[in-house]
Amino acid sequence: MKPGRGRGIINHKYNPCEEGPHTVAFVDYYNILNVSCDTEQSEVERAYRALCKRYHPDVCHEPDAQARMSELNIAYSVLKNPEKRAQYTRTWTLHNRMAARPSAPIVDAARALMTQYFSCLMQAEYDRAYALLCSADRRRSSPESFRVWQEGVARLYQLQGFHLGASKAFLSVELDGLGPCEARRFLITITERNLVTSAVSEFEHIKFAVKEEGEYRVYLGYANLSAMARDIREEGSVSEAGRLLPREEFYDRAGVEAYRFTRYRRPFGIGLVRFFCANRGFEERIAAFAGHTLCQSLRMTDATGLLTPTCIGVVMGETAEDAALLVLDRLGRKFCRAAQVHFDEQVEYRVELIPYEGGAVRRLYEERLQRPGARRGRSAR
């Protein structure tokens with residue numbers, strides 16, 4: 001059988017849960033399924049099914065598809081059984097310790113940190129939450145700015161719960177403002193209640209716990225927390241613009257879809273809707289009006305963000321490029337019709353679909369924002 005992409009040689013006669021000497025290489029079943037050792041059982045099953053959809057020989061025509069499916073089946077046959085998984089995890093932990101990799105206590109410390117941080121946010125203990133941030137985030141914001149930002153968000157959304165899902169360890173990862181560092185990435189499900197509409201929804205964030213001076217710290221990665229706090233302070237109250245995510249939070253949501261695409265090959269669409277109006281006074285009101293109009297036309301799993309006063313970003317999960325382009329064009333036309341009916345204003349729009357082939361979503365958006373937008377109601381890639 002062919003070797004599996006750096007995971008060790010697969011041998012059906014080898015079972016790491018059995019006792020006795022073995023001469024074959026250790027097989028990391030967690031790595032094969034792209035999960036960590038502390039991942040919940042439901043997440044393991046979800047990861048297995050997603051990988052099967054990608055690598056099943058009926059849909060995947062890569063030369064090693066059959067070998068990869070064999071890897072997946074062998075790994076899942078062990079990890080789906082609680083007793084076999086527990087026995088295998090002991091072997092896995094011993095192997096990683098011998099290889100000088102992060103061990104279970106370090107994983108628990110990072111998870112405990114994330115639990116403490118979100119618990120502080122739920123209890124409005126913002127000073128305690130700020131103390132858990134990494135050095136890069138503390139440089140970008142003072143305790144007062146962080147508190148103003150969180151209080152502003154709390155006026156719009158009530159944090160009702162959170163769940164720490166799959167996680168992945170990095171011995172060295174490059175993060176903005178920190179440089180190469182040891183870190184652990186978490187996929188966190190947030191439950192919020194919209195205080196404007198009373199709707200309760202769930203969405204996912206990606207957050208990092210980074211190691212500084214031997215201890216884990218929360219890494220938010222927002223470029224300018226102080227500016228976000230200043231914007232919230234100047235708005236002063238809940239408005240229709242509150243339906244649009246601030247730029248940094250929108251990039252965070254878009255990053256979650258990029259993560260799903262990279263890991264599970266789930267399709268998603270990202271794009272821009274630019275608006276143009278001869279009445280400069282109305283241009284300043286476009287953000288609030290567009291937020292109210294566009295958010296009513298999207299699914300709860302989609303997200304919109306205010307990138308500039310007249311430019312809105314849209315991310316659509318589980319949506320192929322062609323369908324995403326049609327959605328963006330429909331949103332632009334709907335907004336222009338609404339502006340004509342309600343305000344007697346002539347507004348033009350341009351939509352741009354952004355092809356994603358990997359990398360940081362933030363960079364793709366910022367490159368597009370630097371380009372001048374033509375005043376036409378047609379779509380562009």
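The following paragraphs go through the nonpolar cores, one buried serine, one helix and the aromatic pairs of this structure, which is a predicted model.

The nonpolar cores come first. In soluble globular proteins, nonpolar side chains tend to be buried together. Here the largest such core holds 28 residues. Within this core, M114, Y117, L121, F146, V218 and L220 have the most contacts. At least two residues each come from α5 (104–122), α6 (126–131), α8, β1, β2 (179–194), β3 (200–212) and β4 (215–219). Helix α5 is the greatest contributor, giving 7 residues. A second core of 25 residues lies apart from the largest one, and F26, M69, A75 and L79 are among its members.

M114 shows what one of the most connected core residues touches. Leaving out residues up to four places away in sequence, M114 is in contact with L164, F186, I188, K207, F208, A209 and V218.

F186 also appears among the contacts of a polar residue, S167. This serine sits in strand β1 (residues 157–175). Its relative accessible area is 3%, and because buried means under 20%, S167 counts as buried. Beyond its neighbours within four places in sequence, S167 contacts S36, D38, T39, R111, R184, R185 and F186. With one of these, R184, the serine makes a side-chain to side-chain polar contact of 3.2 Å.

Helix α2 (residues 41–55) allows a simple check of geometry. The helix has 15 residues, and at 1.5 Å a residue they should span 21 Å; the C-alpha atoms at its ends are 21 Å apart, so the two values agree. The buried residues in α2 include E43, V44, A47 and Y48. Further along the helix, A50, L51, C52 and Y55 are buried as well.

The aromatic rings complete the picture. The model has 13 aromatic pairs. One of them joins F146 and W149 in an edge-to-face arrangement, with 5.8 Å between the ring centres and 70° between the planes. Why are F146 and W149 separated by about one helical turn? Both belong to helix α8 (residues 143–156), and they are separated by about one turn because they are 3 residues apart. An α-helix has 3.6 residues a turn, so residues three or four places apart point the same way. F146 and W149 are both buried, and F146 is also one of the residues with the most contacts inside the largest core. Elsewhere, ring pairs connect Y29, Y30, Y88 and W92 into a cluster.

Definitions and conventions. Residues numbered from 1 in each chain as written. Predicted model: local features only at pLDDT ≥ 70, side-chain atom pairs only at ≥ 80, totals over all residues. Heavy atoms only, no water. Phe/Tyr/Trp six-rings, centres within 6.5 Å; stacked < 30°, edge-to-face > 60°. Helix = DSSP H or I, 4+ residues; strand = E, 2+ residues; numbered from the N terminus. Buried < 20%, exposed > 50% of the residue type's maximum accessible area, 1.4 Å probe, protein only. Expected span 1.5 Å × (residues − 1). Polar contact = N/O pair within 3.5 Å; in protein donor to acceptor, adjacent residues only side chain to side chain. Contact = heavy atoms within 4.5 Å. Core = buried A, V, L, I, M, F, W, Y, C linked by side-chain atoms within 4.5 Å.
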